Amino acid sequence: MVPQLEDLGDVRGKTVLVRADFNVPMSGPDDGRIIVDDFRIRAALPTINWLSDRGAKVICASHLGRPKGATNSKYSMAPIRRRLAELAPGVELMENLRFNAGEESNDPKFVNEIISGIDLYVNDAFGAAHRSHASIVGPPRTLPSAAGRLLKREVEVLGELRNNPKRPLVAVLGGAKISDKIGVIEALSKVVDSFVIGGGMCFTFLAAKSLPIGDSLCEQDQIAFCRKLLESKVELHLPEDIVGLDRDGNFATFGVRLPDGAKGLDIGPGSAAAFADIIMGGRSVFWNGPMGMFEDERFAAGTRTVAQAMSETKAFTVVGGGDSAAALAQFGYEKDVDHVSTGGGASLEFLELGDLPGLSALRGAPNVN
Ligand code: AMP
């Protein structure tokens, strides 16, 4: 069992390090960055407030972007510190953990630095819990530790989906790359009732069926994997029409065979309607990856239809972070699904393996028997 906040004992007067995921989207010039969306800061408040209300002194820590082990004002935590001070007065925030190379290399010296003066450790950074970084796996070696409320909820929801789903369980997968998601597809193929596959990744499947895909994305070295899956007993739905650009760069709708030089950039309207029907018929639906290049309005319709079906179905709906969460928010359906995971990579790895380095570290903490 992963220890909970209640397993920390009396927190009054204690100094608690909360590893949060404040890796929020930012914009603006390098020396004057502003927060685009403070969702991840607000998401940590239940844990922070639980501790503060019980008399603990809370010090938060997070990474931001990829400064690669060096101080860089572009990735300074200052804008986040200001926002946190408004939302949770009196709570401190350390400087970007990734300014020190010891964070990503899990250097014990850096672990000692961040836990100096700390009595208790709480991990609420689900989005980073799949990384064996110093701030994730280091503190529970010596400090009494617990999962924060956000991490707890992620593990409950994704654990239920993985181990005890209401059926039929449908996995809707999209996004650009199959190679990133092979482990998950393999693991999910043992538990899902059907796959719905769109996005750039569908073209490798179509190529595996020997269909012409023009100049669409294709991962040649994954064709064999796709063929194996297509020949297995797993129910797998692929698009039957495609939207994209013809060889002259004009918007076009195609059947399932793309002419030479054409590029598929979204699922077509017929496929979108068929996918929506499958989502409506599921009792649990997990969605990861956009159905097309939704950042371009011309190729957003497939992703919008799937997002809408996710919002309307009676099924238990989980969206696996990253681009699909961004798409859901862009189309205004964020509040209409049961769970939007705060971690793209972490949610996929948890579904694949049923555990994460950050969780096993918590289970090994000294306050766990
Ligand atoms: P991923 O990080 O693998 O989930 O991929 C997300 C990205 O895939 C988004 O930026 C989409 O624009 C892109 N994408 C989705 N469908 C296609 C497609 N048919 N062709 C090219 N890119 C796509």
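**Exercise 1. Is the crossing of H11 and H12 right-handed or left-handed?**

Before we solve it, some ground rules. This is a predicted model, where local features need pLDDT of at least 70, side-chain atom pairs count only at pLDDT 80 or more, and totals for chains, interfaces and linings use all residues. Residues are numbered from 1 along each chain as its sequence is written, and side-chain values use heavy atoms, with hydrogens and water left out.

*Solution.*
- Step 1: find the helices. H11 covers residues 269-281 and H12 covers residues 301-312. Helices (H or I, at least four residues) and strands (E, at least two) are DSSP runs, numbered from the N terminus.
- Step 2: look at the axes. They come within 9 Å and cross at roughly 20°. Axes are lines fitted to C-alpha atoms, for helices over the stretch in contact, with angles running from 0 to 180 degrees between N-to-C directions.
- Step 3: name the arrangement. H11 and H12 are therefore roughly parallel (under 35 degrees; over 145 is roughly antiparallel, 65 to 115 roughly perpendicular, and the rest oblique).
- Step 4: give the hand. The H11 and H12 crossing is right-handed, meaning that the near helix is turned clockwise from the far one by less than a right angle; anticlockwise would be left-handed.

**Exercise 2. Work out how H7 and H14 cross.**

*Solution.*
- Step 1: H7 spans residues 149-163, and H14 spans residues 344-353.
- Step 2: their axes come within 9 Å, crossing at roughly 45°.
- Step 3: that angle makes H7 oblique to H14.
- Step 4: the crossing of H7 and H14 is right-handed.

**Exercise 3. Find the cis peptide bond, and say which residues it joins.**

*Solution.*
- Step 1: the bond links arginine 167 and proline 168, with omega about 5°.
- Step 2: place it. Proline 168 sits in the loop between H7 and strand S8 (169-173).

**Exercise 4. Describe what surrounds the ligand.**

*Solution.*
- Step 1: 15 residues surround the ligand (each has a heavy atom within 4 Å). The closest are Ala176, Gly200, Gly264, Glu295 and Asp323.
- Step 2: sort the shell. There are six nonpolar, five polar and four charged residues (Ala, Val, Leu, Ile, Met, Phe, Trp, Tyr, Cys and Pro are nonpolar; Asp, Glu, Lys and Arg are charged; the others, Gly among them, are polar).
- Step 3: check one atom pair. A polar side-chain atom of glutamate 295 lies 2.6 Å from a ligand oxygen atom.

Terms used:
Polar contact = N/O pair within 3.5 Å; in protein donor to acceptor, adjacent residues only side chain to side chain.
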